[in-house]
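Here is a walk through the structure below, from its interior to its surface. Please keep the sequence at hand while reading.

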Amino acid sequence: MVRAYRSQSEMEASFRQMRDPKVVSFSPMFHWTDQKVRVHVFYCVLALAIAQLLRREAARAGMAMSVRELLRTLGSIQETVLLYPSEGGRPRARRMLTETEGTAKRLFDLFGLSEYAPAR
């Protein structure tokens, strides 16, 4: 009984997050047809589920944080493009990640984001 009550509370908290524009939000919604509204609701719920799975994996790795904090920390991992002049033609571009440390680095390693990062 207690477990069911707590899971209900967690679900209600998750749906409250859908009203938070900084996390996973239903609004603004600029759709007028039923089909487009359904699709919008579907990808909002899907994004919330993915965010909760990420939070759960981080908690299992010893990094207990809220979805908002997790997304903010992951958002601090950024890619930079450096342009080098060339002798003729287009400039050379080099993509690289900004320096990460602490929790951002641990999340980067936990989620295997190096697979999607530019080659060094």
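In this predicted model, the largest nonpolar core has nine residues: Ala58, Met63, Met65, Leu70, Leu74, Ile77, Ala104, Leu107 and Phe108. Two helices, α3 (67-75) and α4 (103-110), each supply at least two residues of this core. The largest share, three residues, comes from α4.

One member of the core, Met65, can be followed through its contacts. Leaving aside neighbours within four places in sequence, Met65 is in contact with Arg55, Leu70, Thr103 and Leu107. Of these partners, Leu70 and Leu107 also belong to the largest core. Apart from that core lies another one, made of five residues, including Val23, Val24, Leu48 and Ala51.

Helix α3 can be looked at by itself. Which residues of α3 are buried? They are Val67, Leu70, Thr73 and Leu74. These four residues are on the same side of α3, because they cover an arc of only 130 degrees around the axis. Among them, Leu70 and Leu74 are part of the largest nonpolar core.

The surface is the last topic. Val39, Phe42, Tyr43, Leu46 and Ile50 form a nonpolar patch there, and together they have about 490 Å² of accessible area. One residue of this patch, Leu46, has its place in helix α2, which covers residues 34-60. Why does Leu46 count as partly exposed? Its relative accessibility is 40%, and partly exposed stands for values between under 20%, which is buried, and over 50%, which is exposed.

Note on methods: Residues numbered from 1 in each chain as written. Predicted model: local features only at pLDDT ≥ 70, side-chain atom pairs only at ≥ 80, totals over all residues. Heavy atoms only, no water. Core = buried A, V, L, I, M, F, W, Y, C linked by side-chain atoms within 4.5 Å. Buried < 20%, exposed > 50% of the residue type's maximum accessible area, 1.4 Å probe, protein only. Contact = heavy atoms within 4.5 Å. Patch = residues over 30% accessible without salt bridge, like charges linked within 9 Å, V, L, I, M, F, W, Y side chains within 5 Å. Areas by Shrake-Rupley, 256 points an atom, 1.4 Å probe, with all protein chains shown as cover. Salt bridge = Lys/Arg side-chain N within 4 Å of Asp/Glu carboxyl O. Arc of directions from axis to C-beta.
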